[in-house]
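Please open the model in your viewer and keep the sequence panel beside it. The stops below are meant to be taken in order, with a selection to make at each one.

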Amino acid sequence: MPAKGCIYKRGKRWSIKYHRNGEPFYESSGSERKEVAKALLAQRLWEVDQGKTPGSVYKKTRIEDLAEELIADYRINGRKSAFRVEICIRKHLLPFFRGMAAPDITTGLIKRYVAKRIESGAKNATINRELSALKRMFRLAAQETPPRVEFVPFIPMLKENNVRKGFFEHESFVALREALPEHIRPAVDFGYNTGWRRSEILELTWDRVDMREGTVRLEPGETKNDDGRDLYMTPVLKDVFKELFRGRRLDCNLVFHRDGRPLGDFRDSWRRACEKAGVPGMLFHDFRRTAVRNMVRAGIPEKVAMTISGHKTRSVFDRYHIVSSRDLKEAARRQQAYLEEQERQLQSGYSGPESQKKGG
């Protein structure tokens with residue numbers, strides 16, 4: 001039987017009423033014109049007859065609902081980025097979109113959000129992380145049964161051109177190390193030699209270290225990409241760990257600490273040391289690309305270098321395997337040497353193996 005409904009007036013504006021699965025639905029047309037209400041009712045009755053979810057149902061879904069569902073999804077699945085996603089939502093997305101119904105969040109509105117974030121000085125990569133969270137909200141809602149949103153809006157991403165290119169030459173690392181407080185130096189030595197993430201280093205405990213075998217082990221789930229990782233210490237790192245082991249405290253299981261307390265945030269000490277060493281603006285994370293480049297320079301196969309540093313995908317690894325001005329100068333020197341050698345052979349009458357074969 002075809003769905004039925006009616007229109008009625010509330011104040012100056014017309015509203016509609018219809019039933020779906022025996023449940024009554026009420027919706028304002030938002031207009032003082034009766035024809036608008038009739039058209040809206042016809043649309044809703046057609047949706048019910050086609051077995052579709054009426055558009056009025058989607059209007060009940062607010063951005064706050066989608067945000068809470070996304071945060072819950074990250075927590076349930078143990079996503080390591082849950083904390084950052086929650087900051088994106090509560091600090092940036094909700095203040096702009098708060099109170100809006102899901103169908104009202106259109107591509108045009110999203111572009112206005114992007115423009116506002118750019119005006120505030122946010123970088124493209126930061127804005128893209130926020131847009132990714134917004135897109136994930138809608139996709140989760142669309143996958144529910146029944147779906148909570150009618151459509152996932154098109155969300156254009158920005159071009160990211162703010163990838164860092166900083167890394168340490170050895171002399172700058174030595175200068176930085178000397179300028180740092182002594183309790184930070186062992187962690188810096190480890191970061192420079194391995195390319196491990198700062199959190200992986202600062203949270204490393206002695207039960208993950210085998211002094212006899214000279215290995216350090218991270219179990220699956222303890223790394224950003226959830227893969228386990230084994231590291232064989234270089235002689236330099238063995239000396240570092242021997243010194244740390246001699247001063248090990250029974251009341252603290254952390255490898256790197258300060259008087260039994262976690263190293264925590266040492267950005268002020270780091271900033272002063274960088275300025276003193278003549279490398280202002282460098283980050284601890286720059287050790288990551290530095291270690292990768294040094295391993296490749298040393299002839300270590302790239303697959304092995306990726307395993308040591310903990311890079312799971314080739315694309316991420318390539319972002320850190322960058323070329324320095326020293327590398328470019330060395331390439332120019334080698335090219336010049338090659339051309340000079342070709343010129344010397346030409347001057348001496350050497351015509352190469354092909355011509356020798358013809359002459360013979």
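How much space lies in the second largest pocket? In this predicted model, the second largest pocket holds about 370 Å³ of space. To find it, select Glu-182, His-183, Pro-186, Glu-243 and Leu-244, which lie nearest its centre among the 18 residues of the lining. If you colour by secondary structure, you can see that α8, α10 and β7 (257-258) are the elements that give two or more residues to this lining. Colouring the lining by residue class will separate seven nonpolar, three polar and eight charged residues.

Before the next selection, zoom out to the whole chain. The secondary structure of the protein chain comes to 16 helices and eight strands, and of its 360 residues 38% count as buried. Among contacts between residues at least 6 apart in sequence, 59% join residues at least 24 apart.

Now turn to the interior. In soluble globular proteins, nonpolar side chains tend to be buried together. The largest nonpolar core here has 39 residues, and you can enter it by selecting Phe-241, Phe-256 and Trp-270, the residues with the most contacts inside it. Several elements each supply at least two residues of this core, including α7 (170-179), β5 (215-218), α11 (267-277) and α13 (302-309). Keep Phe-241 selected and display its surroundings: leaving aside neighbours within four places in sequence, Phe-241 is in contact with Phe-190, Leu-204, Trp-206, Val-209, Met-211, Val-216, Met-233, Val-255 and Phe-256. Apart from the largest core lies another core, of 30 residues, among them Phe-97, Tyr-113, Ile-127 and Val-149.

From that second group, select Ile-127, which has its place in helix α6 (residues 124-143). Is Ile-127 buried or exposed? Ile-127 counts as buried because its relative accessible area is 0%. Not counting residues up to four places away in sequence, Ile-127 touches Val-114, Arg-117, Ile-118, Ala-122 and Leu-158. If you draw a distance from the C-alpha atom of Ile-127 to that of Ala-115, twelve residues apart along the chain, the separation should read 10.0 Å.

Move on to Arg-148, in the loop between α6 and α7. Arg-148 counts as partly exposed because its relative accessibility is 23%. Its contacts, leaving aside neighbours within four places in sequence, are with Tyr-58, Thr-61, Asp-65, Glu-69 and Ala-141. The C-alpha atoms of Arg-148 and Phe-138, ten residues apart along the chain, are separated by 8.6 Å.

Next, select Thr-290, which is found in helix α12. With a relative accessible area of 0%, Thr-290 is buried, and a polar atom of its side chain lies 2.7 Å from the backbone oxygen of Asp-286. Show the side chains of Phe-167, Phe-168 and Tyr-192 as well, since Thr-290 is in contact with these three residues when its neighbours within four places in sequence are left aside.

The last stop is Asp-259, in the loop between β7 and β8 (261-262). Most residues other than glycine have a negative phi, and most peptide bonds are trans. What is the phi of Asp-259, although it is not a glycine? Asp-259 has a positive phi of about 55 degrees. Asp-259 counts as exposed because its relative accessible area is 52%, and the cut-off for exposed is over 50%.

Note on methods:
Residues are numbered from 1 along each chain as its sequence is written. This is a predicted model: local features need pLDDT of at least 70, side-chain atom pairs count only at pLDDT 80 or more; totals for chains, interfaces and linings use all residues. Side-chain values use heavy atoms; hydrogens and water are left out. A nonpolar core is a set of buried Ala, Val, Leu, Ile, Met, Phe, Trp, Tyr and Cys residues joined through side-chain atoms within 4.5 Å. Buried means under 20% relative accessible area, exposed over 50%, partly exposed in between (1.4 Å probe, protein chains only). Helices (H or I, at least four residues) and strands (E, at least two) are DSSP runs, numbered from the N terminus. Contact means heavy atoms within 4.5 Å. On a 1 Å grid over the protein atoms alone, a cavity is a set of points where a 1.4 Å probe fits but cannot get out, and a pocket is an open set with protein on both sides within 12 Å along at least five of seven lines; lining residues have an atom within 4 Å of a point. Grid points are joined across faces, edges and corners, and a volume is the space filled by probe spheres set on the points. Ala, Val, Leu, Ile, Met, Phe, Trp, Tyr, Cys and Pro count as nonpolar, Asp, Glu, Lys and Arg as charged, and the others, Gly among them, as polar. A polar contact is a pair of N or O atoms within 3.5 Å; within protein, one must be able to donate a hydrogen and the other to accept it, and residues adjacent in sequence count only if both atoms are side-chain atoms.
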